[in-house]
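Trainee: I would like a close look at one part of this model. Please walk me through its surroundings too.

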Amino acid sequence: MSPEATAEFARELMMHVWIPFADERLEDFYHPDVVGHHGEVRLTLADVRNRLAWDRASIDDPVYDIQDVIAEEDAFSIRFVYTAKLRKTGEPLHCGVAYFYHLREGRISEFWLFCDLVFDYKEKPSL
């Protein structure tokens, strides 16, 4: 992809997956064998799906204030400030987030997450 197409891919990923916490199009954006890194934790596509389910069940009023999108042919980074409320307690969430993505064949093959809020990608939602 061109850097412009990669930047559009990043915007589409946010619009169709992360902003609505929707997993219906994960396979359009992530390889089935994607590897994610969050600190010492290794993540899979199933873990991304778990995270979206947890967010759908637990988060109200999410806002992604995107600060930067930097795109190359086969990689991009996105930096944003995330704010939301925990549904059960009303407690506010506020964190700075940076993701770095590598692409293969037009989909995410590996990613790194840096966030100043601790959470468990592998936790399944308790509904």
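Does H38 count as buried or exposed, and at what relative accessibility?

Mentor: H38 counts as buried, because its relative accessibility is 16%. Buried means under 20% relative accessible area, exposed means over 50%, and partly exposed lies in between (1.4 Å probe, protein chains only). This model is predicted, so local features need pLDDT of at least 70 and side-chain atom pairs need 80 or more, while totals for chains, interfaces and linings use all residues. Residues are numbered from 1 along each chain as its sequence is written, and side-chain values use heavy atoms, without hydrogens or water.

Now place H38. This residue lies in strand β1. Helices (H or I, at least four residues) and strands (E, at least two) are DSSP runs numbered from the N terminus. Look for W112. It is 74 residues from H38 along the chain, yet the two C-alpha atoms are separated by 6.1 Å.

Strand β1 covers residues 30-38 and supplies at least two residues of the largest nonpolar core. Such a core is a set of buried Ala, Val, Leu, Ile, Met, Phe, Trp, Tyr and Cys residues joined through side-chain atoms within 4.5 Å. This core has 33 residues. L13, W18, Y30, Y82, Y101, I108 and F111 have the most contacts inside it. Other elements that each give at least two residues include α1 (3-18), α2 (26-29), β3 (59-71) and β6 (107-115).

Take I108 next. Residues up to four places away in sequence are not counted here. I108 touches F9, L13, F29, Y30, H31, V34, Y101, H102 and L103. A contact means heavy atoms within 4.5 Å.

Turn to helix α1. Its buried residues are T6, A7, F9, A10, L13, M14, V17 and W18. Seen down the axis of α1, they fall within an arc of 155°, so they line one face of the helix. The arc is taken over the directions from the helix axis to the C-beta atoms. On the other side of α1, E4 and M15 are exposed.

W18 leads on to helix α3. D55 is in contact with W18 and F21, leaving aside its neighbours within four places in sequence. D55 is found in α3, which covers residues 45-58. D55 is buried, because its relative accessible area is 4%. Much of its helix is covered too: ten of the 14 residues of α3 are buried. Among them are L45, V48, R51, W54 and S58.

Next, the cysteines. The structure holds zero disulfides. A disulfide is a pair of cysteine sulfur atoms within 2.5 Å. C95 is in no disulfide, and the nearest cysteine sulfur, that of C115, is 3.6 Å away. That is too far for a bond, which is why C115 and C95 are not joined. C95 counts as buried, because its relative accessibility is 2%.

Last, two backbone angles. D61 is in strand β3. Its phi is positive, about 55°, although D61 is not a glycine. E105 is another residue other than glycine with a positive phi, near 55°. E105 is found in the loop between β5 and β6. E105 is exposed, because its relative accessible area is 71%. Now go back to your starting point: H38 is buried at 16%, and its strand is β1.
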